[in-house]
Amino acid sequence: MFPICWAVVEGENTNSWCWFVQALAEDLTLVDGRGWTIISDQQKGLVEAIHTILPDAEHRKCARHVYANWKAKNKTDRVRKLFWFAVYACNEVHWNRATAELEAIEKSGDGSTPYTDFMAAEPRRFCHAFLRCYSKCDSVESNVCETWNGCIVKYRGLRIVDMLEGIRQYMMDRVVLKSEMFAKCTDTLPPRIRKRVEREKEEARLCVAKQTLNARCEVKKGGEGFIVDVTECTCSCGYWQLSGIPCCHAVSAISHLRREVDDYVNSYYHVYMASFAYNYGIPCLDGRQAWPASEGIPVHPPKTRSMPGRPKKKRRRSANEVEETRAQRNGVGEEVTRRGNLIHCSKCGGEGHNARSCKARPVAEVVVERREQGNIQSGPPAAQESGQNTRRKRAIHCSKCQSSTHNARTYPLNRGNGVQDVILNVADRRTIERELRIATSGVGVYVNERTGNQYVRLNGAAGRPVRGPQPTVVDLHGSQPPPSQP
């Protein structure tokens, strides 16, 4: 990211974009835009401004924003893969293959129109197969703009003068930081470009090259073959001339000719070019006390429009961007809290939603209904009628209260309305075992307040280990103790 200019305008419309593009064209001497590439989102009025002021410039669309609108009608995983396969196809052969499959899906009669919607989005503006190669940039996403918005988000809420000063000082620090970073770099290529080159070298192991005359090679990978011209720096796959970085076929041909791959990376990506770009820093300015007084008509701020709700400080994210961020953070596509933990519903105990959006019945109503019906078993209705256990082929016991009516996930609570939602089976084996262990540690009568079970210890001393025969405990509520209990 290398910011050139920024401005404060009254709104996103045709007039403001025409003024901005005209000022940019005059400062950079763009003339009619020949040899320049512009990538943008779907801003209002920007397309018309570029077409009017820079008619010969290449204007690319952001494929990510196109996909956000396209997937509203095409949500299957197959058409999603075909969409991105068509976008990143660097030659028309692969692009025609992807669009043919989209057309076949549309003709299958399932009601979707992926091919029609794809062609209506002007694929020649965001597909690699139709982009111009003079810019040596294969980017079809406006990630640079999103990165810039993320960098200035803490200044956007300030007043205009303070905001512009904050951005200017941030750019001063950025230029110095990048200049020092490239000055310390000992490699001929920057780190990110080096990773791409190494990745292409790994892919080149699967290629087989055969040399012909004039440094031309025929490279085969899998069932496909490509022609590589090392002198002209071209490959029939189209990636080398589009990005300026040798593809895996070109790396195989260059290695076959016993030459260095770094020598065939475009000069735009070399470290000395980046160092040259960051040699020009932003000049320093005096404080506000030394600013000259403005002459002429005083400039007043535009009329502010009061928008509903709390002012938003974070940038607006698309629906698919939010989903991907959550999935990367938690490994699942469910709703999470700010700390990254899964949300648990206080109504049904489920994960991934809250009580406001819960469609299940409250646990208290289910427990009361089972109490009235006398049904204390767990599992589906069919298993309850036949007396079978749950899907796990064994009875369910709660790990919190040892009851057989529910599990720990649906553990009911006393919700303060005077009704205790917990129903314990007084004859439950685990309940009796736990109560007997407590009863043997004391003298006299032991009553469990939750279940109402009563026990009497006949011999032994409280708080002392008993030698010889174990103390005898009488179960007063009538249930028999488990066989394992002496």
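A crossover is termed right-handed if, with the strands pointing away from the viewer, the path from the first strand over the helix to the second runs clockwise. In the predicted model examined here, strand β1, helix α2 (residues 46–53) and strand β2 make up a β-α-β unit of this right-handed kind. The two strands of the unit, β1 (residues 37–40) and β2 (residues 58–61), run parallel and are joined by four bridges, one position of this pairing being that of Ser40, whose bridge partner in β2 is Lys61.

The largest nonpolar core of the model comprises 53 residues, and those with the most contacts inside it are Phe83, Trp95, Phe118, Phe126, Val228, Val230 and Trp240. Helix α4 (residues 77–88) gives the most to this core, contributing six residues. When neighbours within four places in sequence are left aside, Val228 is in contact with Ala215, Arg216, Cys217, Val219, Thr234, Cys235, Trp240, His249, Ala250 and Ala253. Apart from the core to which Val228 belongs lies another core, of 13 residues, which includes Cys151, Met171, Val175 and Phe182. In soluble globular proteins, nonpolar side chains tend to be buried together.

A charged residue is also found in a buried position, namely Arg174, which is located in helix α8 (residues 160–184). Although buried, Arg174 has no salt bridge, and the nearest side chain of opposite charge, that of Asp173, is 11 Å away, whereas a salt bridge requires a side-chain nitrogen of Lys or Arg within 4 Å of a carboxyl oxygen of Asp or Glu. Neighbours within four places in sequence again being left aside, Arg174 is in contact with Met1, Pro3 and Tyr278.

Technical notes. Residues are numbered from 1 along each chain as its sequence is written. This is a predicted model: local features need pLDDT of at least 70, side-chain atom pairs count only at pLDDT 80 or more; totals for chains, interfaces and linings use all residues. Side-chain values use heavy atoms; hydrogens and water are left out. Two strands pair if DSSP finds at least two bridges between them. Buried means under 20% relative accessible area, exposed over 50%, partly exposed in between (1.4 Å probe, protein chains only). Lys and Arg count as positive and Asp and Glu as negative; His and the chain ends are not counted. Contact means heavy atoms within 4.5 Å. A nonpolar core is a set of buried Ala, Val, Leu, Ile, Met, Phe, Trp, Tyr and Cys residues joined through side-chain atoms within 4.5 Å.
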